[in-house]
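Here's a quick look around a protein model. Let's see it and then go through it piece by piece.

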Amino acid sequence: MSTRLIVMAPPPHGLVRDLEDRFRALETEFHKAYWQSQIEATPETDKRRTELELELRRVKGDSAALSDVQAALAEQLHDAVVRRQLEVLRLSLLGNQMTEERRTEIVELSSAVESEFAAYRPTLDGRNLSDNDIEVILGTSNDVDLRKTAWEASKEIGAVVADRVRELARVRNQAAHDAGFADYYRMSLELQEMSEEWLFDTLGEVEQMTEDPFRKWKNELDRSLRQRFQTDEIYPWHYADPFFQTVPGEAKVSLEDELKAADAASLAQETFAGWGIDLSRILDKSDLYPRDRKCQHAFCLDVDRSTGDIRILA
């Protein structure tokens with residue numbers, strides 16, 4: 001008489017717990033390495049971040065784990081929280097289903113590009129310029145030649161990373177295509193649970209509602225800039241930031257003079273304290289001020305979700 005061993009899948013809540021336990025420590029170590037690579041971009045911090053990201057993506061690329069999650073989601077689940085946990089796990093696992101070669105290419109290319117962005121500083125008249133320095137020039141200077149040079153300096157990083165960015169786009173698109181998506185863009189939207197149709201409809205509606213007021217406002221702004229710089233043509237360096245993303249001083253009520261001597265961290269701590277929120281633990285672990293080889297793009301990172309280790313880079 002033969003005996004057949006039947007392996008039972010863990011119950012949904014047990015599956016969630018097992019996968020969370022499997023991912024938690026590695027995710028935390030990766031977040032710490034990522035943080036270090038952003039506050040001090042060096043070959044050493046980049047190597048550590050790349051190694052841990054690869055290992056985390058490798059673990060989350062487990063096709064058997066994805067199959068278990070999909071099977072659990074196919075069951076009749078009465079616990080809405082467990083269903084939501086499984087769905088989040090499904091999306092995270094799905095985004096990492098690829099060959100080891102492709103995974104390595106994506107991680108190494110993206111890490112190298114981010115490290116280059118963090119460390120790169122253009123040079124103007126022998127001085128390294130930060131993004132803040134460029135914004136000060138574009139926000140205050142009346143010297144058009146200086147403004148143009150500063151604006152062009154802000155774009156130099158593009159030529160430095162262009163080849164790797166194009167290759168990264170190609171590899172990401174191939175990975176997305178292998179996973180059944182049209183391209184990486186559409187895959188990213190789906191993994192973030194965002195409908196492409198809804199997104200484009202919403203953006204189209206916003207454009208339709210704002211186009212006429214914006215055109216009127218910008219025509220008035222350009223008129224004032226032509227007068228200020230004594231020119232018939234307006235170019236990108238005439239605006240107050242490299243990407244025309246902030247409202248120029250000519251077109252808004254400015255609080256610069258009132259706030260320029262204030263300490264932003266102290267004001268934030270005082271403001272949140274008024275709402276009963278203590279920011280001191282977060283600020284103590286954060287990195288708030290400019291420094292060489294530090295990422296110049298602000299973000300907030302939950303390093304360890306189990307302990308509330310939240311940090312701000314500014």
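## Starting with one residue

Is valine 253 buried or exposed? Valine 253 is exposed, because its relative accessible area is 75%, and exposed means over 50% with a 1.4 Å probe and protein chains only, while buried means under 20%. You'll find valine 253 in the loop between α10 (196-229) and α11 (256-259).

Val253 also joins Leu255, Leu259 and Leu267 in a nonpolar surface patch of about 410 Å². Such a patch takes residues with over 30% relative accessible area and no salt bridge (a side-chain nitrogen of Lys or Arg within 4 Å of a carboxyl oxygen of Asp or Glu), with nonpolar side chains joined within 5 Å.

## How far to trust it

This is a predicted model, where local features need pLDDT of at least 70, side-chain atom pairs count only at pLDDT 80 or more, and totals for chains, interfaces and linings use all residues. Residues are numbered from 1 along each chain as its sequence is written, and side-chain values use heavy atoms, leaving out hydrogens and water.

The average pLDDT (the predictor's confidence in each residue, from 0 to 100) is 92, and 96% of the residues score at least 70. Over residues 1-7, though, pLDDT stays under 50, and the model has 0 contacts (heavy atoms within 4.5 Å) beyond four places in sequence for them.

## The whole protein

Buried residues make up 35% of the 314 in the protein. Its C-alpha atoms fill a box of roughly 100 × 40 × 40 Å along the principal axes.

Methods. Patches are made of residues with over 30% relative accessible area and no salt bridge: like charges are joined within 9 Å, nonpolar side chains (Val, Leu, Ile, Met, Phe, Trp, Tyr) within 5 Å. Accessible areas come from the Shrake-Rupley method with a 1.4 Å probe; for residues, only the protein chains shown count as cover. Helices (H or I, at least four residues) and strands (E, at least two) are DSSP runs, numbered from the N terminus.
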